Amino acid sequence: MSLFDDLTPLHLAIAGIWGILVLASILVFALKRLQPHRDHSELVSRTVSWWGMIALFTAAFLLSRTLSIVLFALVSFLAFKEYLSMIPTRRADRRVLFWAYLSIPVQYYWVADGWYGMFAVFIPVYMFLFLPFSMLLSQQTEGFLKAIGTLNWGLMLCVFSLSHAAFLLVLPVTGNTDPQAGAGLLLYLVFLTQFNDVAQYTWGRLFGRRPIVPVVSPKKTWEGFLGGLLTTTVVAVLAAPLVTPFDWQQAAAAGLMIAAAGFIGDVTVSAVKRDLGVKDTGALIPGHGGIMDRIDSLTFTAPLFFHFVRYFHT
């Protein structure tokens, strides 16, 4: 028996992603050698960061489902912390922030437990009602609506939306007893979301002429959006048989949905940054910015893709 006999479709998909990363790294190295007069430092930093991020996710995928859920909880925590560091908060709301932070491990506990009913209502219902009550106990009404609105929006974006990606790991898929089925769906979602970001950026750099929302994000063009939409849809159809239960029509629909939602998530966070007067949400990931800069698209694609799978395959 050879080593390759134990390889599953998930292993092959992960190997394919590593192959793409190796090719991209060779391309960056070639650009540095061929164009020594140009500054490629940001491109190099981005590539190095991708090695670290993919290594981290690969380890989590292969070692343990629980470890993967903990990793997503950590990403939610860092994204929420980053969000709170950008928005103005009142001194009187520190106790409320404690409750908001505490909701993160609770939300991911529902994920690990596979309790969909509580997962679906804990933040949108219970935390939505509890946080304003906790805030009013300080008896400071000035700026109350703005404070609770921004806090709840951040919690929904950084924790509730992102936790949908983690719930794919425990989502029972009809007719599929493979214990790695959820991991395959999660890998499919994360890969296509990130691939779409790169594809829209590349098409935009090559052919972009007409901006879509120039005030919010001048570099987002119709050419980049449509090129990314088409490329991501084709890749979605090609990759679906490996790690998903989708037929080609469902895979095409998923690809279109992920590409469009990813774009909307990207420009929405861009609008937030414009409003706050910052270029990046942080500096934790060299070449990319902050955690929210990297997961902005995923916060929109994750809940939509989750309910797409849940509607057709559970």
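Colleague: What makes H1 a helix, and how far does helix H1 reach from its first C-alpha to its last?
Modeller: Helices are DSSP runs (H or I, at least four residues, while strands are E, at least two), numbered from the N terminus. Helix H1 takes in residues 9-34, which is 26 residues, and reaches 37 Å from its first C-alpha to its last. The expected span of a helix is 1.5 Å times one less than its number of residues. For H1 that gives 38 Å, and the 37 Å in the model is close to that.

Colleague: And what sort of model am I looking at?
Modeller: This is a predicted model, where local features need pLDDT of at least 70, side-chain atom pairs count only at pLDDT 80 or more, and totals for chains, interfaces and linings use all residues. Residues are numbered from 1 along each chain as its sequence is written, and side-chain values use heavy atoms, with hydrogens and water left out.

Colleague: Which residues of H1 are buried, and what does that word mean?
Modeller: Buried means under 20% relative accessible area; exposed is over 50%, and partly exposed is in between (1.4 Å probe, protein chains only). In H1, the buried residues are Leu10, Ala13, Ile14, Ile17, Leu21, Ser25 and Val28. Their cover includes helix H2 (41-63), helix H7 (181-207) and helix H8 (222-243).

Colleague: Ser25 is in that list. Why is Ser25 called buried?
Modeller: Its relative accessible area is 19%, so Ser25 counts as buried under the 20% cut-off. Ser25 touches Thr47 and Trp51, leaving out residues up to four places away in sequence; touching, or contact, means heavy atoms within 4.5 Å.

Colleague: What makes Ser25 and Leu21 a polar contact?
Modeller: A polar contact is a pair of N or O atoms within 3.5 Å; within protein, one must be able to donate a hydrogen and the other to accept it, and residues adjacent in sequence count only if both atoms are side-chain atoms. The backbone oxygen of Leu21 lies 2.9 Å from a polar atom of the Ser25 side chain, so the distance meets the 3.5 Å limit.

Colleague: How do you know that the length of helix H3 fits the rule?
Modeller: Helix H3 (residues 65-86) has 22 residues, which should span 32 Å at 1.5 Å a residue, and its end C-alpha atoms are 32 Å apart, so the two agree. At the start of H3, a side-chain oxygen of Ser64 comes to within 3.1 Å of the backbone nitrogen of Thr66.

Colleague: Where does Val170 sit, and why is it called buried?
Modeller: Val170 lies in the loop between H6 and H7. Its relative accessible area is 18%, so Val170 is buried. Beyond neighbours within four places in sequence, Val170 is in contact with Arg65, Ile69, Val111 and Gly114. The C-alpha atoms of Val170 and Thr66 are 9.8 Å apart, although 104 residues separate them along the chain.

Colleague: What makes something a nonpolar core, and which residues have the most contacts inside the largest one?
Modeller: A nonpolar core is a set of buried Ala, Val, Leu, Ile, Met, Phe, Trp, Tyr and Cys residues joined through side-chain atoms within 4.5 Å. The largest has 76 residues, and Tyr108, Phe246 and Phe305 have the most contacts inside it. Helix H6 (residues 144-167) gives the largest share of this core, twelve residues. A second, separate core of five residues includes Leu229, Ala259, Phe263 and Val267. In soluble globular proteins, nonpolar side chains tend to be buried together.

Colleague: Why is Phe305 called buried?
Modeller: Phe305 has 0% relative accessibility, so it counts as buried. Phe305 is placed in helix H10 (residues 291-313), and among the residues it touches are Leu168, Leu185, Phe246 and Ala254. The C-alpha atoms of Phe305 and Ala254 are 7.0 Å apart, with their positions 51 residues apart along the chain.

Colleague: And what about Ala240: buried or exposed?
Modeller: Ala240, in helix H8, has 1% relative accessibility, so it counts as buried. Leaving out residues up to four places away, Ala240 touches Tyr188, Phe246 and Ala251.

Colleague: How do you know whether the radius of gyration fits a compact globule?
Modeller: The radius of gyration is taken over C-alpha atoms, and the globule rule is 2.2 Å times the number of residues to the power 0.38. With 314 residues, a compact globule would come near 20 Å; the protein chain has 20 Å, so it agrees. Of the 314 residues, 46% count as buried, and the chain has ten helices and zero strands.
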